[in-house]
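Please read the following walk through a single protein model with the coordinates open beside the text. The route goes from the whole chain to individual helix contacts.

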Amino acid sequence: EDEVRGEPEEACGAGYNIDDVEKQRALYCGMHAINNVLIREPEKRVKEIQMMHSVNNILQSIGIKSLMKGKDALYTPNVGSYSIYVVGDALSRATGFTVHQYSTKNSRFVDLGATAMMKNLRDHKKNLVVHSGAHYIALNYMETGDWCFVESLYGGKLRKMTDGQVSDYLM
């Protein structure tokens with residue numbers, strides 16, 4: 001188990017209940033992370049059919065010649081393993097907001113520096129779906145100015161994190 005620094009689940013406060021965390025099933029962590037970003041808005045949660053709608057939406061936009069190659073790159077049938085493009089499209093459709101995708105390596109976040117990055121995220125009250133190699137997690141901005149780390153693995157996990165802890169995690 002990957003240890004994440006932060007206070008235990010109760011510290012996330014009202015609206016964050018471990019029973020509401022969507023738990024890991026197969027390799028659907030991208031879908032679980034979307035739903036865990038939406039933990040306080042359960043009516044917006046997505047299902048596999050919405051994820052497939054996003055796959056098809058992206059496939060239509062890339063053209064017929066790239067169709068078969070593109071489909072393999074976007075997801076693994078009956079397993080999950082959705083690409084960041086599918087996760088971004090599905091999250092955008094669920095929330096109605098434009099989803100910005102950043103990499104903390106080789107991105108403007110590195111150029112901004114950790115302090116400026118956290119200010120940018122705080123100022124815009126961003127909830128984040130974070131892709132860290134082979135897994136997705138959710139980081140939800142809380143009214144207190146802290147963050148709630150929401151993990152689908154290990155039966156679900158919630159951790160309250162400070163800006164410094166989130167910055168360390170992202171960088």
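The paragraphs below start with the overall make-up of the chain and then turn to helix packing.

The model is predicted. Its protein chain contains seven helices and four strands. In sequence order the elements follow the pattern α-α-α-α-α-α-β-β-β-β-α. Of the 171 residues in the protein chain, 43% are buried. The accessible surface of the chain comes to about 9500 Å², and carbon and sulfur atoms account for 52% of that surface. If one takes the contacts in the chain between residues at least 6 apart in sequence, 55% of these contacts join residues at least 24 apart.

The next topic is helix packing. Two packed helices are described by the angle between their axes and by the distance between those axes. Helix 1 covers residues 29-37, and its axis comes within 10 Å of the axis of helix 4, with a crossing angle of roughly 30°. Angles under 35 degrees count as roughly parallel, so helix 1 is roughly parallel to helix 4. The crossing of these two helices is right-handed. On the helix 1 side the contact is made by Gly 30, Ile 34 and Val 37, and on the helix 4 side by Val 87, Ala 90 and Leu 91. Sorted by class, the residues of this contact are five nonpolar and one polar, with no charged residues.

Helix 4 (residues 84-95) also meets helix 2 (residues 48-62): the two axes come within 9 Å and cross at roughly 115°. An angle from 65 to 115 degrees counts as roughly perpendicular, and helix 2 and helix 4 are therefore roughly perpendicular to each other. Helix 2 passes helix 4 in a right-handed crossing. Helix 2 contributes Met 51, His 53, Ser 54, Val 55, Asn 57 and Ile 58 to the contact, while helix 4 contributes Tyr 85, Val 86, Val 87, Asp 89, Ala 90 and Arg 93. By class, the contact of helix 2 with helix 4 has seven nonpolar, three polar and two charged residues.

Which residues of helix 4 serve in the contact with helix 1 and also in the contact with helix 2? Val 87 and Ala 90 appear in both contacts.

One residue in the loop between helix 3 (67-74) and helix 4 completes the route, namely Ser 83. Is Ser 83 buried or exposed? Its relative accessible area is 12%. Buried means under 20%, so Ser 83 is buried. Leaving aside residues up to four places away in sequence, Ser 83 touches Ala 73, Leu 74 and Tyr 136.

Notes. Residues numbered from 1 in each chain as written. Predicted model: local features only at pLDDT ≥ 70, side-chain atom pairs only at ≥ 80, totals over all residues. Heavy atoms only, no water. Axes fitted to C-alpha atoms, helices over the stretch in contact; angles between N-to-C directions. Parallel < 35°, antiparallel > 145°, perpendicular 65-115°, else oblique. Left-handed = near helix turned anticlockwise from the far one by under 90°. Contact = heavy atoms within 4.5 Å. Nonpolar A, V, L, I, M, F, W, Y, C, P; charged D, E, K, R; others polar. Buried < 20%, exposed > 50% of the residue type's maximum accessible area, 1.4 Å probe, protein only. Areas by Shrake-Rupley, 256 points an atom, 1.4 Å probe, with all protein chains shown as cover.
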